[in-house]
Amino acid sequence: MNVKRAGLTLLLDLGLLGGMLALWSFNLTGLALHEWLGLALCGALPAHLLVNWGWLAATTARLRASLPWRTRLVYLLNASLFGALILVLLSGVLIAEVTVPGLAALAGNRGFWRVLHTQASNVTLLLVALHLAVYAPRVVALLRQLAPTARPSRPPRPPVHPLGTRVQEG
Ligand code: HEM
Ligand code: HEM
């Protein structure tokens with residue numbers, strides 16, 4: 001991965017995480033900002049999936065073959081997180097009051113979608129934390145790619161006398 005792509009990937013991840021932190025803090029953002037942020041996440045999430053499409057497609061194709069149990073577990077975690085996010089986003093737009101109020105008519109029992117929204121949002125809290133823990137080494141690897149590769153070598157320091165004074169050379 002080149003430096004530009006690593007930077008963009010990290011920027012997107014940071015946006016996703018920042019967005020989620022704000023979405024979990026409903027009392028801090030208020031309703032209107034909460035709804036707009038939630039809708040923005042509907043765009044950021046597919047972008048994240050596309051960036052990581054290589055892993056997702058390759059692992060899905062190998063699910064029936066032999067795969068290490070750790071990879072299967074990570075796949076299960078990612079799939080659960082995806083499912084929970086779909087539930088939160090779907091129930092969110094069905095109870096929306098500011099951005100897409102027209103959709104509430106489709107919801108029927110608003111109370112049901114509201115409880116689902118809150119509970120699924122609690123589940124995403126746990127799953128995103130696990131997701132970040134699993135991919136922490138990958139974040140570190142991406143950050144390393146952004147760091148300057150070759151450091152200018154320092155000139156050798158003159159030897160120091162045991163009493164603390166510099167030894168005169170020549
Ligand atoms: C991952 C995305 C989302 C998360 C984590 C999330 C999380 C939350 C949380 C924690 C609350 C407070 C629940 C409570 O106090 O019981 C809430 C309320 C709410 N959310 Fe979301 N939300 C998300 C997306 C959305 C979207 C996309 C919309 C609509 C466009 C939306 C609309 C609402 C509404 C209308 C409420 C107020 C419900 C009420 O009190 O009647 N949310 N959300
Ligand atoms: C809003 C929630 C999410 C956040 C904050 C998040 C964050 C991250 C971060 C920081 C990384 C490591 C750096 C990178 O490669 O981008 C990562 C990797 C990854 N994420 Fe997410 N993610 C989220 C949701 C999801 C979901 C729902 C999936 C779903 C299926 C997913 C699949 C992946 C995959 C496949 C990788 C890397 C695989 C690899 O190449 O090793 N993420 N995510």
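Helix α5 has a buried set of residues: N78, A84, L85, V88, S91, G92, V93 and L94. Those buried residues pack against α3, α6 (104-107) and α7. The model is a predicted one. Its protein chain holds seven helices and zero strands.

**The chain as a whole**

- Along the sequence, the pattern reads α-α-α-α-α-α-α.
- The protein chain has 170 residues, and 10% of them are buried.
- Take the contacts in the protein chain with a separation of 6 or more: 61% of them join residues 24 or more positions apart.

**Helix α5 and its length**

- How far apart are the end C-alpha atoms of α5? They are 39 Å apart, which agrees with the 39 Å that 27 residues should span at 1.5 Å a residue.
- An α-helix has 3.6 residues a turn, so residues three or four places apart point the same way.

**Where α3 meets α5**

- The axes of α3 and α5 come within 10 Å of each other, crossing at roughly 140°.
- The crossing of α3 past α5 is left-handed.
- On the α3 side, the contact is made by G38, L41, C42 and L45. On the α5 side, L85, L89 and G92 take part.
- By class, this contact of α3 with α5 has five nonpolar residues, two polar and no charged.
- Two of the α5 residues in this contact, L85 and G92, are also on the buried list of that helix.

**Two residues to look at**

- L87 sits in helix α5. Its C-beta atom has 18 others within 10 Å, fewer than the 20 needed for buried and more than the 12 allowed for exposed, so L87 is partly exposed.
- Which residues does L87 touch, leaving aside those up to four places away in sequence? They are L116 and A120.
- L87 and L116 are 29 residues apart in sequence, yet their C-alpha atoms are 7.7 Å apart in space.
- A32 belongs to helix α3. Is A32 buried or exposed? A32 counts as exposed, because it has 11 C-beta neighbours inside 10 Å and the limit for exposed is 12 or fewer.
- A32 also has a partner far along the chain: E97 is 65 residues away in sequence, with 8.3 Å between the two C-alpha atoms.

**Around ligand 1**

- There are 23 residues around ligand 1, and L23, F26, G38, G92 and S121 come nearest.
- Of these, G38 and G92 also take part in the contact of α3 with α5.
- Which helices each supply at least two residues of the shell around ligand 1? They are α1 (3-24), α3 (31-51), α5 (69-95) and α7 (110-146).
- The shell around ligand 1 divides into 12 nonpolar, eight polar and three charged residues.

**Around ligand 2**

- Ligand 2 has 21 residues around it, and D13, N52, W55, N78 and Y135 come nearest.
- Two or more residues of the shell around ligand 2 come from each of α1, α3, α4 (53-61), α5 and α7.
- Which element gives the most to the shell around ligand 2? Helix α7 does, with seven residues.
- By class, the shell around ligand 2 has 14 nonpolar, five polar and two charged residues.
- N78, among the nearest residues to ligand 2, is one of the buried residues of α5.

Definitions and conventions:
Residues are numbered from 1 along each chain as its sequence is written. Chains are lettered from A and ligands numbered from 1 in the order in which they are written. This is a predicted model: local features need pLDDT of at least 70, side-chain atom pairs count only at pLDDT 80 or more; totals for chains, interfaces and linings use all residues. A residue is near a molecule or strand if its C-beta atom, placed from the backbone, lies within 6 Å of it. Helices (H or I, at least four residues) and strands (E, at least two) are DSSP runs, numbered from the N terminus. Ala, Val, Leu, Ile, Met, Phe, Trp, Tyr, Cys and Pro count as nonpolar, Asp, Glu, Lys and Arg as charged, and the others, Gly among them, as polar. Axes are lines fitted to C-alpha atoms, for helices over the stretch in contact, and angles run from 0 to 180 degrees between N-to-C directions. A crossing is left-handed if the near helix is turned anticlockwise from the far one by less than a right angle, and right-handed if clockwise. Two residues are in contact if their C-beta atoms, placed from the backbone, lie within 7 Å. The expected span of a helix is 1.5 Å times one less than its number of residues.
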